[in-house]
Structure formats: structure tokens, C-alpha cells
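Me: Please take a close look at the ligand site and what stands behind it. Set out the details in order, with the cut-offs that apply.

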Amino acid sequence: MLHIYNTATKQKEPFKPHNPELVTMYNCGLTVYDRPHIGNLRAYTMADVARRSLNFLGYKVKQVQNFTDVGHLTFTDEQKLKLDKNIEITDSETGIDRMEKAAKKTGKTVWEVAQYYIDEAMIDFADMNFIEPEVRPRATNPDEMAEQIALIKILLKKGYAYITTSAIYFDTSKSENYGRLTGQKLDEKIIGAREDVERDPTKKNPFDFRLWQLDQKDHAMQWDFEYEGQRLRGFPGWHVECSAMIHRHLGEPIDIHTGGVDHISVHHTNEIAQSEAAYGAPFVNYWMHNEFISVDGRKMGKSLGNAYNLSEIKEKRFDAMDLRYFYLTANFRTSQNFTWEALEGAKSARKRLLSIVVSLQSAIDNHTLTTNPSRAEPRDLEGLQTLIQYQDFKSRVEDSFNMPEALAIVWQTLDSELSDEIKLGLISEFDKILGLKLLEKVEEKEISQDLKDQIQELIKQRVEAKIEKNYALSDQLREKAKELGFELEDTKEGETTYKFVK
Ligand code: AMP
Ligand code: ZN
């Protein structure tokens with residue numbers, strides 16, 4: 001049975017979906033002011049692995065992952081560094097708007113910046129082999145914006161929100177059990193509450209947060225908002241969009257909500273408070289948070305120049321699948337240190353896997369062709385599921401998506417005494433979760449059946465040539481195979497196998 005480590009309870013819990021017919025999952029999406037960096041990609045790899053695992057375990061899933069394309073006031077990298085060093089700084093309400101900053105830098109409008117980086121992100125996500133979520137809403141979409149405004153109005157009506165001269169705030173003193181996700185008591189949190197150092201005097205309680213930011217000149221993205229005769233033009237606070245999208249696309253409670261650990265204490269805490277207050281139902285059953293990526297043992301940050309993105313990784317001749325393999329070598333709940341050497345290690349391991357898969361396939365093709373057709377007996381899924389290797393792999397997946405251990409089972413399977421066909425069958429099943437495109441080379445070959453027929457014909461001729469001791473012809477046939485992109489190999493058992501070398 002699947003167990004998921006739940007941040008809310010700090011333990012692994014048996015997974016019981018709210019509706020067994022359809023598991024619902026929401027992933028806090030990317031803020032589209034830049035290309036996703038390797039930290040963001042780790043967060044979405046975790047989401048993708050969870051989604052694939054649920055499918056593997058037989059669940060139907062509805063996954064929603066948004067794009068935050070509204071600019072929000074957040075800490076600059078420089079401010080974050082100061083925070084780390086416990087230097088008090090002004091709060092995020094006086095910070096920068098990353099989208100507006102990117103627009104100024106590039107001479108584009110904020111709308112163009114958003115579209116540009118959404119397009120880039122979609123390319124990277126496809127490269128990372130992420131299964132496309134069922135819904136990918138954008139915060140500025142008119143329907144999504146209407147839902148956000150409706151949510152804020154419910155909160156105003158129910159008395160959970162108040163209007164000041166600068167914003168509409170959520171009143172955390174009205175919220176039951178505010179901050180429970182962090183496991184910290186509010187007064188403990190206050191001591192560490194640096195986000196609030198320069199406090200807005202119109203705020204009632206230190207943790208009250210902005211649901212809606214009133215008209216700010218220089219802010220390009222603004223929407224009309226009327227409430228009881230008041231004109232409150234402005235833009236939403238960041239937390240609002242996730243609550244509104246979850247309500248609109250999934251409904252409460254959802255089964256799984258994911259994000260990085262940085263979101264626990266503020267963003268997700270505030271999502272819980274406003275959703276439960278507005279909709280009067282529990283919000284999320286299982287909270288999954290990935291730990292952070294560091295680089296060369298140091299914090300990653302744009303100002304440090306080490307927040308690498310996928311194109312920088314590919315420029316160094318790595319494949320997106322090398323990065324994916326790298327992520328799978330660590331549990332999502334532990335921080336992971338990115339180094340180029342570690343990525344090199346992931347690359348060679350992945351290549352070794354690929355070449356084993358390709359040679360398994362060649363051997364299978366060959367057995368079918370030559371002497372031993374019985375070894376080519378195809379295995380059905382039910383047969384595979386009874387095998388200990390399948391069970392072991394599944395149990396690692398069910399242990400809160402433990403990918404490093406699942407990978408270890410993959411290697412053990414390849415080292416085992418199982419037949420080539422069964423090994424290949426298992427790897428093809430496992431790759432439904434790993435998502436490493438391990439069968440791609442094999443599939444490539446399968447697409448070109450014509451080529452396969454040609455090579456099999458060459459092997460046949462070569463077997464005959466060897467029986468006739470016509471070694472010149474046999475060598476010629478080997479050369480011909482090479483031209484087609486295959487290496488012929490003679491095994492100790494006297495069979496000829498081939499390897500795809502192009
Ligand atoms: P953002 O666009 O800043 O909201 O980030 C998108 C996702 O990436 C969120 O789930 C973040 O928690 C996550 N994230 C940001 N930085 C890192 C990092 N260094 N390591 C892992 N995840 C990160
Ligand atoms: Zn969110």
C-alpha cells in the first residue's frame with residue numbers, strides 16, 4: 001500500500017484518496033519571470049514522479065499545475081541572503097516584483113515576459129519528460145482571475161478579511177489554528193518573523209497577509225474589483241491564486257499538494273488559512289515538500305550565478321535525462337547538492353543503463369531470429385507483477401516514492417538471472433515511473449522495421465557464410481551492418497548478436 005510522508009503530520013501515512021476513482025493533485029507552479037532553474041526542476045520532477053507512481057499503482061489522476069504570471073512582491077536574492085545571515089530587512093511587501101523587473105530589463109511588457117517564459121518552460125518540461133498535467137491554468141486568465149476575486153469577496157463577507165488604504169488583508173486572528181503546517185506556535189514564529197520587520201501600520205496582526213494589493217502606480221497588471229460600492233482596483237496576492245485554482249479545478253479537499261520546503265511557512269500556511277475560511281472544508285489531505293538543491297555545497301541563487309537552467313546544462317553536453325537521473329538518486333525529502341561531477345556520474349550511469357537495454361533487445365531479436373525461439377517468449381504484465389523484482393520495485397515506490405532505492409532495484413534486476421525478455425519487460429514497466437526514456441533507442445529501432453529486417457537478413461547470410469567458411473563474405477556482411485549503424489558480435493555460444501551503435 002502506498003504511504004506518503006505528510007508534512008502536516010510529519011509522518012508517513014497510508015494513502016487513502018478522498019475519491020478512490022480520481023486522485024487529485026496540485027503543484028504550485030513556476031513564476032514565469034525567468035527560465036526554470038535546477039531547483040524548480042527538482043520540484044517538478046518530484047511532482048511528476050508522484051503522478052507517474054500513482055498511475056503505475058493503478059490510480060487515475062487529475063493533476064493541476066499553474067503558471068504564476070502575475071507579478072508579486074517578493075524578496076530579491078540579495079534580500080534572501082541577508083535573511084540567511086539574520087540581517088533584518090524590509091518585508092516582501094516592499095520588495096521587488098520579479099515580473100516587472102524582468103520586463104524592465106528586457107524592454108518587454110510584463111505580458112510578453114510571461115508568455116516568453118511560459119513557452120520556454122514548456123520546452124524544458126517536455127525535455128524533462130514530465131507528463132503534462134490535466135490542467136495548466138495561468139493566474140491572469142480571466143476565469144482564474146474571476147475566481148480569485150470571488151474568493152476574496154467571500155472572505156470579506158465572512159469577516160475573515162479587511163480593507164485598508166493599501167490592501168485587502170486576511171485576518172489571521174480569525175483563522176482557526178493558523179500556522180499549523182509548520183508545527184510552530186504563532187508566538188514562536190513571531191520571534192523569527194523577519195518578513196514583517198517593516199510592518200505596515202494598517203495591518204492588524206503581524207501575520208496578516210495581502211489578499212489583494214490596491215492600485216500601485218508602475219504596476220502594469222491590474223484588475224477592477226468592486227466591493228459594496230468601493231472601487232478597489234489592484235492585483236491579487238500570490239497565495240490567492242493557488243486556493244482559487246484548486247477550488248475551481250479540483251474542489252476541496254484535494255489529495256496531494258506539492259511544493260518546495262520554502263513554501264511551508266508562508267505560502268502554504270496562507271493557502272490553508274484562506275481556503276478553509278472561505279470554503280469551509282478541509283483543504284489538503286497530504287502535503288509533499290521537496291528539499292532544496294544546493295550547488296557545490298552553497299546556496300543557489302541568481303545573484304550567485306549558480307542557478308543553472310536546462311539550456312546551460314545542455315550546453316555542457318548533458319542530456320535532460322542525465323539531470324532527471326541525478327534527481328532520482330536522492331530522496332526528495334533530503335537536500336541534494338548539485339555538482340558537475342555528480343551530473344557526470346548520473347550521465348554515465350544512465351548511459352550504462354541505456355546500453356544494457358539496447359543489448360538486451362539485440363539479444364532478444366537475435367534469439368528469435370536464430371536458434372532459440374523459446375527464449376523470446378513474451379511476458380505479459382500479470383506475469384511480470386508476480387516477480388520478486390517487480391514487487392521490490394513497487395514496495396520502494398510505495399514507500400513515499402523512494403526513488404534512490406527504486407533505482408537500486410533496477411540495477412539488481414539487470415544483474416539477476418532473469419531472461420533477457422523478462423528483464424526488458426520489467427525495465428519497460430519501471431521506466432513508467434523513472435521516466436528516463438530507457439526504451440527509446442529500442443523504440444527508435446522498432447519504428448524502422450525495415451532496417452531491422454535488413455539487419456536480420458544480413459545476420460542470416462552471415463551465419464550461412466560462416467557455415468560455408470566464407471570468411472571474406474562474412475567480413476563484408478559485418479561491414480555492411482556497420483554502414484547501417486549496427487555492430488555485429490559473435491557470442492561464445494556461436495550466435496551472432498547486434499548492437500545499435502548510431
Ligand atoms: P517559484 O517559481 O519561485 O515559485 O518556484 C517554483 C518551485 O520551485 C517551488 O515549488 C519552489 O519551492 C521550488 N524551488 C525553488 N528553489 C528551489 C531549490 N533551490 N531547490 C528545490 N526547489 C526549489
Ligand atoms: Zn501555491
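Reply:
The parallel sheet and the ligand site

Helix α4, residues 110–127, lies across strands β3 and β4, and its direction is about 140 degrees from that of β4. Helices (H or I, at least four residues) and strands (E, at least two residues) are DSSP runs, numbered from the N terminus. Contact here means heavy atoms within 4.5 Å. The axes are lines fitted to C-alpha atoms, for helices over the stretch in contact, and angles run from 0 to 180 degrees between N-to-C directions.

The model is predicted, so to speak of local features pLDDT must be at least 70, and side-chain atom pairs count only at pLDDT 80 or more, while totals for chains, interfaces and linings use all residues. Residues are numbered from 1 along each chain as its sequence is written, chains are lettered from A and ligands numbered from 1 in the order in which they are written, and side-chain values use heavy atoms, with hydrogens and water left out.

The sheet under α4 is open and has four strands in the order β4-β3-β13-β14, with parallel pairing. Its edge strands are β4 (61–68) and β14 (284–290), each of which pairs on one side only. From one strand to the next, the twist averages 20 degrees. Helix α1 also packs on this sheet: it touches β3, β4, β13 and β14, and its direction makes about 165 degrees with that of β3. Two strands pair if DSSP finds at least two bridges between them. The parallel strands β13 and β14 are joined by six bridges; among the bridge partners is W287 in β14, opposite H257.

The chain enters β13 through a loop that follows α7 (238–249), and P253 lies in this loop. The peptide bond between E252 and P253 is cis, with omega about -10 degrees.

The sheet and α1 both contribute to the ligand site. At least two residues of the shell around ligand 1 come from each of β3 (23–31), α1 (38–56) and β13 (254–260). The largest share, four residues, is that of α1. There are 18 residues around ligand 1, and T31, G39, G260, D262 and I293 come nearest; a residue is near a molecule or strand if one of its heavy atoms lies within 4 Å of it. By class, the shell has six nonpolar, nine polar and three charged residues. Ala, Val, Leu, Ile, Met, Phe, Trp, Tyr, Cys and Pro count as nonpolar, Asp, Glu, Lys and Arg as charged, and the others, Gly among them, as polar.

Three polar contacts with the ligand can be named. A polar contact is a pair of N or O atoms within 3.5 Å; within protein, one must be able to donate a hydrogen and the other to accept it, and residues adjacent in sequence count only if both atoms are side-chain atoms. N40 places a polar side-chain atom 3.0 Å from an oxygen atom of ligand 1. G260 has a polar backbone atom 3.0 Å from an oxygen atom of the ligand. I293 has a backbone N or O atom 2.9 Å from a nitrogen atom of ligand 1. Of the 490 Å² of accessible area that ligand 1 has on its own, the protein covers 93%. Accessible areas come from the Shrake-Rupley method with a 1.4 Å probe; for residues, only the protein chains shown count as cover.
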